[in-house]
Amino acid sequence: LNMTEEKFVLDTLAGCTEYKSILDVVVNAFYVQDGRYCPISERNLYIVICYLATFQLEEIGLQHFSRIVKSLDTAKMQQFLRFFFNDLYLNTWIKDEWSHIYDSVYVKENLIDPLLRWQPKVQQLIEKLTDKLSNRSSTVKTSRVTQPKEFNLTVPKPRTIPPPSPAPLPVLPKRQPVPPSIYKPPKERKQLEEIKTKNIQKAKIIFSFVSFNLAPFICFKFLYRIISAVLVLWSQMSCEQYLEVVWESVLTQYFEELTKQPQDLIDNIPIKLNTAAILREGALYQRKLEEELKRVENLQQGAGDSSEFLEWQKQMRGKDVEDQLAEIECRRLQGKLSYEEAVLAHQNVTQENKKKADLLREEKAELMHLYAEKRLEEQKAMKELVEQVMEGHKNVKQVKEKIQEYKQQIVQQVSEESGELLRQALEEQEEKNRKRYELIQQIRALESTSSIRHKLVDLTETGGHGLFGEMSVVELRERLALLKEAQKAAEEEKRDQIIHEKQAKEQLILGKLDQISQFRAELGRAAAFK
């Protein structure tokens, strides 16, 4: 844009922002009355046109204003200008609404009077836009009606039925016999069992000394050395020699580790305990104490040894293993039997399928013979039908003329009846529009009379709606103050309760620490004595 155009655009934008309140009055009323079907996205367009017509018409001139209006949509501009430059609207409700925002004298001298002076010239512009719309609607092209024509179809020749060719019979491939390796156990299972037995022996030898009483004191580094020595010596000697050598090496390495670490460092390692650890360790010592008391009580009551029960449990487990092995062998034999039964059933099914195939071939041959006879009968019927249709074509022209005359009579009767109904509908619509226009004028006259109402508000009185628990604003404020005081007192009470609970919990933890220190001291003395 050049300088003048840029200045005009900025001035228009600033004016639309400054006088937005009075421009919204006109545009909102336009959307309510004449512009009900206009899109809301074009609201800013009507605001700009309203601003130019109200404040900038004398400065830019009617010619420039007409050029701006004609560059936009003709129907929308004609509808809006006819609404805005209406004498009745300007002198009644527009003037009253603007007087609520600005002074009435300023509104009459600077806004309404200039619009009334420009109203005759703008009315000429509205008439030009109306003529342009009428000329546009009169020059509508009439569409050409398509005239249908009859198709010139040729009669198709009857097709001959080809003789049915016999389908080739499917030949089933010869099945291979079952290999004898299926009924023999695989070699891989025997190898897996040997590897399994070796691994079990290794595991027994490795964990035989791990389950010893010294196992809880063996570190991971020492255990790694033991396992590496076990794996090296396994392939070099027999089982008895291997056990003797392993035990000697284990004991020597264990006593070397014990001599390296000083006993005082092991006993006096500082451990920092949190609340959860203190409670957990206290519960552990309490549970051990209860178990020991229960064991002593059972011994006093004459409880016996559990070796007989363990022996009985071992025998029962051995019986369970034997039962499981027998059940597995039974399932294997049942699987073999089911496989042989499946083979016999498959042979029976193949024989039955062969019999069914022979029956289907015979039925198919009979159906093909019946189908050929039916096709011959249909060809004869089609020939007779073609002859009848050729005879009927000779009388088609006379029938068409009669139908055309009958249709013309029906169209004439319908046009006369529709003309009478249309005239009656137009009269009824004109009467409805006249009554509606009178009702709208009365409503607008009532709306134009502005009424200002003032009502004094007493905060000590109720609303008088007849509801349960109805109260005034002053009573509501007093009740809110009482509720706030009650809530504050409840918070103070809750805070005191939390403090008391916290102190009780600290006392409990201190008691647990004393109990743990006593247990540790007793255990240390027992270990030293042992």
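User: Which residues share a network of salt bridges with Asp24?

Analyst: Heads-up: this is a predicted model, where local features need pLDDT of at least 70, side-chain atom pairs count only at pLDDT 80 or more, and totals for chains, interfaces and linings use all residues. Residues are numbered from 1 along each chain as its sequence is written, and side-chain values use heavy atoms, leaving out hydrogens and water. A salt bridge here puts a side-chain nitrogen of Lys or Arg within 4 Å of a carboxyl oxygen of Asp or Glu. Asp24's partners in the network are Lys20 and Arg43.

User: What is the N to O distance between Asp24 and Lys20?

Analyst: Both sit in helix 2 (residues 20-32; helices are DSSP runs of H or I, at least four residues, numbered from the N terminus). They're four residues apart, about one turn of the helix. Their side chains meet in a salt bridge at 2.8 Å.

User: Is Glu281, the salt-bridge partner of Arg520, buried or exposed?

Analyst: The two side chains meet at 2.9 Å, N to O. Arg520 lies in helix 15 and Glu281 in helix 12, so the pair ties together parts 239 residues apart in sequence. Buried means under 20% relative accessible area, exposed over 50%, partly exposed in between (1.4 Å probe, protein chains only). With a relative accessible area of 13%, Glu281 is buried.

User: On which residue is the kink in helix 4 centred?

Analyst: Helix 4 (residues 57-70) has 14 residues, yet its end C-alpha atoms are only 15 Å apart, short of the 20 Å of a straight helix (1.5 Å times one less than its number of residues). The bend, an angle between axes fitted to the seven residues ending at a residue and the seven starting there, is about 65°. That kink is centred on Gln63.

Key:
Helices (H or I, at least four residues) and strands (E, at least two) are DSSP runs, numbered from the N terminus.
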